[in-house]
Amino acid sequence: MKSKQTGSFDKVLFQESVKKHLYATYATTFEKADKHAWFLAMGTALAELTTCDLLCTEHDEKIRNAKSVNYLSLEFLIGRLTGNNLISMGVYQQVAEAMEELGQNLTDLLEEERDPSLGNGGLGRLAACFMDSLAAQEFPTVGYGLHYEYGLFKQSFDHGHQVETPDAWRGVEGYPWEIARPDLAQEIGFYGHVETYQENGKEKRRWLPGMTVKAMPWDMPIVGYESNTVYPLRLWECQAIAPFSLESFNNGNYFEAQHSLIDAGNITKVLYPNDNHEKGKTLRLMQQYFHSAASIRDILRRHEEAGHTLASLPKYETIQLNDTHPTVSIPELMRILIDEKEMEWDDAWAICSKTFAYTNHTLLPEALETWDESLIQRLLPRHMEIIYQINYLFLKEVREKWPGDVEKQRKLSIIQEGFHRMVRMANLCVVGSYAVNGVAAMHSELVKQDLFPEFNVLYPGKLQNVTNGITPRRWLKFCNPELSELISQKIGSDWPTQLDQLRNIADYAEETEFQKAFMQVKQANKQRLADWVEQNMDIKLDTQAIFDVQIKRLHEYKRQHLNVLHILSMYHRLLHDSDFEMEPRVVFFAAKAAPGYYLAKEIIYAVNKIAEKINHDPRIGNKLKVVFIPDYRVSIAEIIIPAADVSEQISTAGKEASGTGNMKLALNGALTIGTMDGANVEIREEVGDDNIYIFGLEVDEVEQLKRSGYNPFDYYNSNSLLKASLDLLLGEEFTPGEPGKLRAIYDSLLDGGDPYFCLADFESYVKAHEAMDEQYKDTAGWAKKAILNTALVGKFSSDRSIQDYVNNIWKLETVKR
Ligand SMILES: *Cc1c(COP(=O)(O)O)cnc(C)c1O
């Protein structure tokens, strides 16, 4: 695979284009332009190249006649595009030289790009990795998402407390990698009512929305690795249809006009900042329907423009629902087929139920979406009718399978009965999809056994597993260029598309020279991170220390507070146990808390206060440092991950569906300390017991302990180190003059019942850390384990995940251009 761009990259032409954009697009001059203007001009010049390929891909007859996957996700956490696209386009070096001749350093220019943070965490990042892998392997695809004006909030700290500010990621000049597609705009309705009318002697139903908005698509290019294939990530922006409320007023429809007075731009104004937690707000449901309706219409438009019949939709299009957020696509497609395309119910259902597939991302009850029936009724009256009909026919199936079993009907029904009737989106997805998958082997088993056991009986084979993955282009080749170079020297340069080949570096794991080279790269990456921390946070770090990192959304189930207890235990022992020895250690956190998540914010505050004290405590010297890096996002992950020695993956067993941070860190040579949860289980299978530090209760042990009555005080009272560590949170050790300011965590872990079993796992967690500490002294032994981690996690390439989807679910073929 050689890039055509590489072959045809015309440096002079490119430089002319950059200069033209500097003048004509960004209205500055060669002499006056600052770095940011240069970045914008360069980005725009590059985007021109990918836009050409995007349009060629779009019009390619082979692709129009092949089956495509439509990846529907409310979130795409894509991160910066420029560096990655340069690698995929195969012109990184050429562009670096071209810019150098214009007096600009490429690395500096890349730092000018603001992350498009259009997602919360793992779920959105997965969607981005999947788009990269789909394009890299040339599977026809369109990603459908929302064009939020503000992405995930920016995080800063004020006296240790999280402060959120809006993320205007496009800046005032706009984002160079996106291109508006006004020709593909759609109109989307809300509210209104449903009416019955007669046509050809038949009674029909139609929805008359009370409010209509415009969906404007913006395409971002997803560049195939070293190929000319460019598929779109299509993000819908909500715009008002001007003059937007006039007609409703003229109709005398005063009440409906109120709805249209809501600024239509509100719908995609801001990303909801909750990770693994749903709050049934009207605007969120509007976002979901807006996204679904625009995407379904666009899919049907492409399908019909290619000259295919509606009945053949499942042959040409598959629609993957990333969690239940786009579920309303299912009744929306039914509505269009029945009300607009005049199909019979059964024919429409035959199409629909062969087109959708659904990915479940969580078992956490608070994250399973349910919507008020009354809200759907008001916002989408025709969809509610269709959902009732789907449920009516489905419950008939349930009765046939389990005659007389009312309990089964109650449990499986798409409608949850009660004072406020609710629509269970996951049930609707399972009923309306041809395949359902969990995201790691263990999670998928729990989906079958605990979440949907009856569905697994009713629809044998429908519930499957596809273990998540990460793109090795961004998460090794781009973010860790020195390690990439070292690997390529040893095993050639095909590994970015054939990650299993990394296995070949295992041959060198015991070779002293290679160990040294590998650890030198790690050292350089640690230095790069330490420099960042010194420049941005004014903390000086010892790069010989163990770099112990926990970077992920802040959530009780992820147990950052268990990590805090470990820090407190080390601090306590350094101060009070003269026999205690440990390697110098820096514990890094990076995490955003949902703005309404009280305890998560208290944990952030506690880490910051503890860090303030420990980092300046002369009694412990440089033995222990704690660094909370603000504003966790893709571009900072790209700096932290290559520098990590220890990867903290310490969720309560059964709570983390997969995790993908665990994969990124292992790929970059960090050793995992983790529970038997999510993909940790499979990472252990791959790297072997000797190269991972597993601790804590397993799923069935957690369940057992729950059943037998878990009492955190039992652990508190019987483990003096645990007690001493927890008690540090009570006084004023970390909040001088203000005792008790950190006690929210203490209270949650004791009186609050410790819902995530931190105290139960504390002892084995500390032991696992002690074993790592001991291992770190053996430099060669550590190096061997780190190398084996990189060598043996090829399975976790998102290319493999996509192949699993293709072979077991989507059944599509690659199309080479
Ligand atoms: C990979 C990634 C995540 C997911 O991390 P987990 O440890 O799997 O929760 C979240 N945010 C960002 C920015 C990431 O890059």
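**Exercise 1.** Which element gives the most to the lining of the largest cavity, and with how many residues?

*Solution.* Keep in mind that this is a predicted model.
- Start with the space itself: the largest cavity has a volume of about 730 Å³.
- Next, look at its walls. Of the 45 lining residues, Asn120, Gly121, Gly122, Leu123 and Asp275 are the closest to the centre.
- Now pick out the elements that give two or more residues to this lining: H8, helix H26 (634-640) and H27.
- H8 comes out on top, with 4 residues.

**Exercise 2.** Find where the ligand sits, and work out what surrounds it.

*Solution.*
- The ligand sits in that largest cavity.
- Around the ligand there are 15 residues, and Lys552, Lys558, Thr660, Gly661 and Lys664 come nearest.
- Sort the shell by class and you get 5 nonpolar, 5 polar and 5 charged residues.
- Helix H8 (122-136) and helix H27 (661-667) each supply at least two residues of the shell.

**Exercise 3.** Check the ligand's oxygen atoms for partners on Lys664, Lys558 and Thr660.

*Solution.*
- For Lys664, an N or O atom of the side chain is 2.6 Å from a ligand oxygen.
- For Lys558, again through a side-chain N or O atom, the distance is 2.8 Å.
- Thr660 uses a polar backbone atom, 2.8 Å from a ligand oxygen.
- As for cover, the ligand taken alone exposes 390 Å², and the protein buries 96% of that.

**Exercise 4.** Describe the second largest cavity.

*Solution.*
- Its volume is about 160 Å³.
- It is lined by 13 residues, with Leu81, Asn84, Asp132, Ile222 and Arg474 nearest the centre.
- Helix H5 (82-89), H8 and strand S9 (211-223) each give two or more residues to this lining.

Conventions:
Residues are numbered from 1 along each chain as its sequence is written. This is a predicted model: local features need pLDDT of at least 70, side-chain atom pairs count only at pLDDT 80 or more; totals for chains, interfaces and linings use all residues. Side-chain values use heavy atoms; hydrogens and water are left out. A residue is near a molecule or strand if one of its heavy atoms lies within 4 Å of it. A polar contact is a pair of N or O atoms within 3.5 Å; within protein, one must be able to donate a hydrogen and the other to accept it, and residues adjacent in sequence count only if both atoms are side-chain atoms. Accessible areas come from the Shrake-Rupley method with a 1.4 Å probe; for residues, only the protein chains shown count as cover. On a 1 Å grid over the protein atoms alone, a cavity is a set of points where a 1.4 Å probe fits but cannot get out, and a pocket is an open set with protein on both sides within 12 Å along at least five of seven lines; lining residues have an atom within 4 Å of a point. A molecule sits in a cavity or pocket if more than half of its atoms lie within 2 Å of its grid points. Ala, Val, Leu, Ile, Met, Phe, Trp, Tyr, Cys and Pro count as nonpolar, Asp, Glu, Lys and Arg as charged, and the others, Gly among them, as polar. Grid points are joined across faces, edges and corners, and a volume is the space filled by probe spheres set on the points.
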